[in-house]
Each structure stands twice: as structure tokens, then as C-alpha cells.
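Biologist: I would like to learn how to read a model like this one. Could you take me through it feature by feature?

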Amino acid sequence: TVAGKLSGLYSETVRDTLSLLNQRELETAVAILDKAQNIYIASAGVYSDLASAFRESMSKIGKTVIISPSTGVYYEACYRNADSCFILISYSGETPRNIEAARRLGKRNVPTISITSYGSNTLADLCSCRLYISTRQKLISNLGNFSINLSVLYLLDVLYAGCFRLHYRENEALKIRFSKETEHRTSDNPILREEP
């Protein structure tokens, strides 16, 4: 029963997050990431783990992603220039350190992408580009951040896929080449085996 309910929640969360995606905002976010020399992600808690997965994916297409804990993001914001960009993640959109960083980055003309819950919030209002996550869970009285985490992961995967698509053939060739050099994996499972 629990597994079935979680499966339903996951499906609803992805559909909900997709329905909140604005094509223009998504295209702007991908263009910002493509242009940036360094991509900073400001996050805390479990979002840092999700950001690590995003960083690993992006590194395979030659993009540098730096995960900045929310405690240090303001200092990063004080020194970065417009050749960098920031992804600021906050479910409420009211995380004080992210808001302070967004204000500083705005003054320095550094592009920013917010990932927040849908609706009016300070962080989204301050950022160059806004992406929204599913808002099916309360801030405090929830049993786990199931839909929040999945929604953030989905958006980060969509951003990665968008960046990959911009230079598809080049990225595909590089990813395959470097994977062959470093990932010496084998399997007896015919589904997983690569064709020679």
C-alpha cells in the first residue's frame, strides 16, 4: 500500500512540476547555464545531495558546477562576475541567506535561477529566471520531503538535458569517449550490455 501511494505521489509530482514549467523561463535558464563559465548552486540539507548528482552530470559535458552551502553563498555572491551564474534553491523562497545572495548578485549583474515553490516569494522575485517545484507538502508538518526532493531532482535533470541538447552531437561524442576511458563496467545482463 505504501509503495503504491508513493508511486502515485511521484507520478503526480512530476506531472505537477511539468505543468509549472514555463518554456521561456526554461529556455532562458538553459541559455544562462550554457554561457556560464562556473555554475554555483546554493542549497542546504538534502538539496546538496541532489546538487551533487547535477554536478556529476554536468561535469561529463564539460561544465563546472560548484556547490556552495547556504552559509557561504553570500560570500560567493560578493566576488563572482557575470561570467558565472547561480542556482538558488529554496522551497519557501524565503531563505534569508539565499535572498541576501540574490540581492548582491543582482547588483553585480550575475545571472540567477531560482528553484522555489510556486507562488509569490521574495527569492523568485529577485532572480533573473524562475523555476517552480511542486507544492504538495507543508513546510513543517510533512512525513518526509518526498515530492519536494523529487521535484527539485526532476528540474535539475531537465536543466542538464537542456544543456546537453544544445550541443548534442559534441556532448554525446565526448561523454561516450570519456566514459569508455574511465568507466570500466561489465555485466552479464543482456539488457545492460553495450553493442561492440
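Biologist: What share of the contacts in the chain with a separation of 6 or more comes from residues 24 or more positions apart?

Modeller: Keep in mind that this is a predicted model. Residues 24 or more positions apart account for 71% of those contacts.

Biologist: Which secondary structure elements does the chain have?

Modeller: The chain has eight helices and five strands. Along the sequence they follow the pattern α-α-β-α-β-α-β-α-β-α-β-α-α.

Biologist: How much of the chain is buried?

Modeller: Of the 196 residues, 38% count as buried. The chain exposes about 11,600 Å², and carbon and sulfur atoms supply 51% of that area.

Biologist: How many residues does the largest nonpolar core have?

Modeller: The general idea comes first. In soluble globular proteins, nonpolar side chains tend to be buried together. Here the largest nonpolar core has 31 residues. Leu33, Phe54, Ile87, Ile115 and Leu159 have the most contacts inside it. Two or more core residues come from each of helix H2 (23-35), strand S1 (38-43), helix H3 (46-59), strand S3 (84-89), S4, S5 and helix H7 (146-166). H7 gives the largest share, eight residues.

Biologist: Which residues is phenylalanine 54 in contact with, leaving aside its neighbours within four places in sequence?

Modeller: Phenylalanine 54 is in contact with Leu33, Ile41, Val65, Ile87, Leu156, Leu159 and Tyr160. Apart from the largest core lies another one, of 13 residues. Phe86, Leu88, Ile99 and Val110 are among them.

Biologist: Now a polar side chain. Is threonine 116 buried or exposed?

Modeller: Threonine 116 is found in strand S4. It counts as buried because its relative accessibility is 0%, and the cut-off is under 20%. Leaving aside neighbours within four places in sequence, threonine 116 is in contact with Ser90, Tyr91, Gly93, Asn121, Leu123, Ala124, Leu131, Tyr132 and Ile133.

Biologist: Next, the rings. How many aromatic pairs does a search of the whole structure find?

Modeller: The search finds five. One of them joins tyrosine 74 and tyrosine 75, edge-to-face, at 6.1 Å centre to centre with 80° between the planes. Tyrosine 74 is partly exposed at 27% relative accessibility, whereas tyrosine 75 is exposed at 56%.

Biologist: Which aromatic pair links distant parts of the chain?

Modeller: Tyrosine 118 and tyrosine 132 do, 14 residues apart. Tyrosine 118 sits in the loop between strand S4 (112-117) and helix H6 (122-126), and tyrosine 132 sits in strand S5 (residues 129-133). Their rings meet edge-to-face, 5.2 Å centre to centre, with 80° between the planes. Tyrosine 118 is exposed at 55% relative accessible area, but tyrosine 132 is buried at 16%.

Biologist: Which residues do ring pairs link into a cluster?

Modeller: Tyr160, Phe164 and Tyr168.

Biologist: Last, the cysteines. How many disulfides does a search of the whole structure find?

Modeller: A disulfide is a covalent bond between the sulfur atoms of two cysteines. The search finds zero.

Biologist: Why is cysteine 163 not bonded to cysteine 85?

Modeller: The two sulfurs are too far apart for a bond, because they lie 8.7 Å from each other and the cut-off is within 2.5 Å. For cysteine 163, the sulfur of cysteine 85 is the closest cysteine sulfur. Cysteine 163 is buried, with a relative accessible area of 4%.

Biologist: Where does that leave cysteine 127?

Modeller: Cysteine 127 is in no disulfide, and its nearest cysteine sulfur, that of cysteine 129, is 8.7 Å away. Cysteine 127 is buried too, with a relative accessible area of 3%.

Notes: Residues are numbered from 1 along each chain as its sequence is written. This is a predicted model: local features need pLDDT of at least 70, side-chain atom pairs count only at pLDDT 80 or more; totals for chains, interfaces and linings use all residues. Side-chain values use heavy atoms; hydrogens and water are left out. Rings of Phe, Tyr and Trp (its six-membered ring) pair if their centres lie within 6.5 Å; planes under 30 degrees apart count as stacked, over 60 as edge-to-face and the rest as tilted. Buried means under 20% relative accessible area, exposed over 50%, partly exposed in between (1.4 Å probe, protein chains only). Helices (H or I, at least four residues) and strands (E, at least two) are DSSP runs, numbered from the N terminus. Contact means heavy atoms within 4.5 Å. Accessible areas come from the Shrake-Rupley method with a 1.4 Å probe; for residues, only the protein chains shown count as cover. A nonpolar core is a set of buried Ala, Val, Leu, Ile, Met, Phe, Trp, Tyr and Cys residues joined through side-chain atoms within 4.5 Å.
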